[in-house]
Amino acid sequence: MRRILAVDDDNDILEVLQFILEDSGYEVVTLSDGNNLMEKILEKHPDLILLDIMLGNLDGRELCKAVKKQDSTHNIPVIMISASHNIANTINQEGAPNDFIAKPFDINNLLSKIKNQLPDAA
C-alpha cells in the first residue's frame, strides 16, 4: 500500500484528504503544521507528499525546497495544494513541486495527479 503524507494547517481539509485517499486504497499520514516535516518524512517514509503552501507562519514552497534539497528525500514527489493559483508557474524551477492542485480541488483531479506521480500505485 502506498503511503501519502498530507500536510495542511486546516484539520477539516486533512480529514477530507484522509477519507478520500484511504477510500482510494492509500495509507495516509497527516501533519497539521510544517515544523516537524522532515522528521515525519524520515519516520514514515511517504511515497508522496501533499503539501499546502500556507502553513500558518511557514511557507510550503520553502518546505518543498528543503525536501527537494535533501539527498534522502529529493526523489519523493511533492504536490502543492493552495488557493493561490500563481504557484503553478513555479513548476520546473529548482526545488519546485512535482505538481500543483488548486483549492478547492476536484477529487478526480486530485486522484489523477497522485496516480501520475505514483504510476504503479492503486
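# Close-up views of a predicted model

The surface that the chain exposes amounts to about 6,500 Å², and carbon and sulfur atoms supply 45% of this area. The model shown in these views is predicted, and the legends below go from the whole chain to single residues.

**View 1. The whole chain, with its four helices and seven strands.** Read from the N terminus on, the elements follow the order β-α-β-α-β-β-β-α-β-β-α. The radius of gyration is 13 Å, close to the 14 Å that the globule rule gives for 122 residues, so the chain is as compact as a globular protein of that length. Along the principal axes, the C-alpha trace spans about 30 × 30 × 25 Å. Of the 122 residues in the chain, 45% count as buried. Among the contacts with a separation of 6 or more, 60% are accounted for by residues 24 or more positions apart. The chain carries 11 positive and 20 negative charges, and the mean positions of these two groups are 5 Å apart.

**View 2. The largest nonpolar core, a group of 19 residues.** Within this core, the residues with the most contacts are Leu17, Leu21, Leu50, Phe105, Leu110 and Ile114. Two or more core residues are given by each of β1 (3-7), α1 (11-23), β3 (48-52), β6 (78-82) and α4 (107-117). Helix α1 provides the largest share of the core, which comes to five residues. If the neighbours of Leu17 within four places in sequence are left aside, Leu17 is in contact with Ala6, Leu50, Ile81, Phe105 and Leu110. Another core, of 17 residues, lies apart from this one, and Val29, Ile53, Cys64 and Val78 are among its members.

**View 3. Val29 in strand β2, a strand that covers residues 27-31.** Val29 has a relative accessibility of 10%, and because a residue under 20% is called buried, Val29 counts as buried. Not counting residues up to four places away in sequence, Val29 touches Arg3, Ile4, Leu5, Ala6, Lys40 and Lys44. One of these partners, Ala6, is 23 residues from Val29 along the chain, and yet the C-alpha atoms of Val29 and Ala6 are separated by 6.2 Å.

**View 4. Ile114 in helix α4.** With a relative accessibility of 0%, Ile114 counts as buried. Once residues up to four places away in sequence are set aside, the residues that Ile114 touches are Ile4, Leu21, Tyr26, Leu48, Leu50 and Ile79. Ile114 and Leu17 both appear in the list of residues with the most contacts inside the largest nonpolar core. Along the chain Ile114 and Leu17 are 97 residues apart, and their C-alpha atoms are separated by 12 Å.

**View 5. Two places where the backbone departs from what most residues do.** Most residues other than glycine have a negative phi, and most peptide bonds are trans. Lys103 and Pro104, however, are joined by a cis peptide bond, with an omega of about -5°. Pro104 is placed in the loop between β7 (99-102) and α4. His45, which is not a glycine, has a positive phi of about 50°. This histidine, His45, lies in the loop between α2 (37-44) and β3. His45 has a relative accessibility of 55% and therefore counts as exposed, since the cut-off for an exposed residue is over 50%.

**View 6. Asn108 in helix α4 and Pro119 in the segment after that helix.** Asn108 is exposed, and its relative accessible area is 59%. In sequence Asn108 and Glu39 are 69 residues apart, while in space the distance between them is 30 Å, C-alpha to C-alpha. Pro119 is exposed as well, with a relative accessible area of 71%. Between Pro119 and Tyr26, which are 93 residues apart along the chain, the C-alpha atoms are separated by 13 Å. Helix α4 thus holds both the exposed Asn108 and the buried Ile114.

Note on methods: Residues are numbered from 1 along each chain as its sequence is written. This is a predicted model: local features need pLDDT of at least 70, side-chain atom pairs count only at pLDDT 80 or more; totals for chains, interfaces and linings use all residues. Side-chain values use heavy atoms; hydrogens and water are left out. The radius of gyration is taken over C-alpha atoms; the globule rule is 2.2 Å times the number of residues to the power 0.38. Buried means under 20% relative accessible area, exposed over 50%, partly exposed in between (1.4 Å probe, protein chains only). Contact means heavy atoms within 4.5 Å. Accessible areas come from the Shrake-Rupley method with a 1.4 Å probe; for residues, only the protein chains shown count as cover. Lys and Arg count as positive and Asp and Glu as negative; His and the chain ends are not counted. The place of a charge is taken as NZ of Lys, CZ of Arg, CG of Asp or CD of Glu. A nonpolar core is a set of buried Ala, Val, Leu, Ile, Met, Phe, Trp, Tyr and Cys residues joined through side-chain atoms within 4.5 Å.
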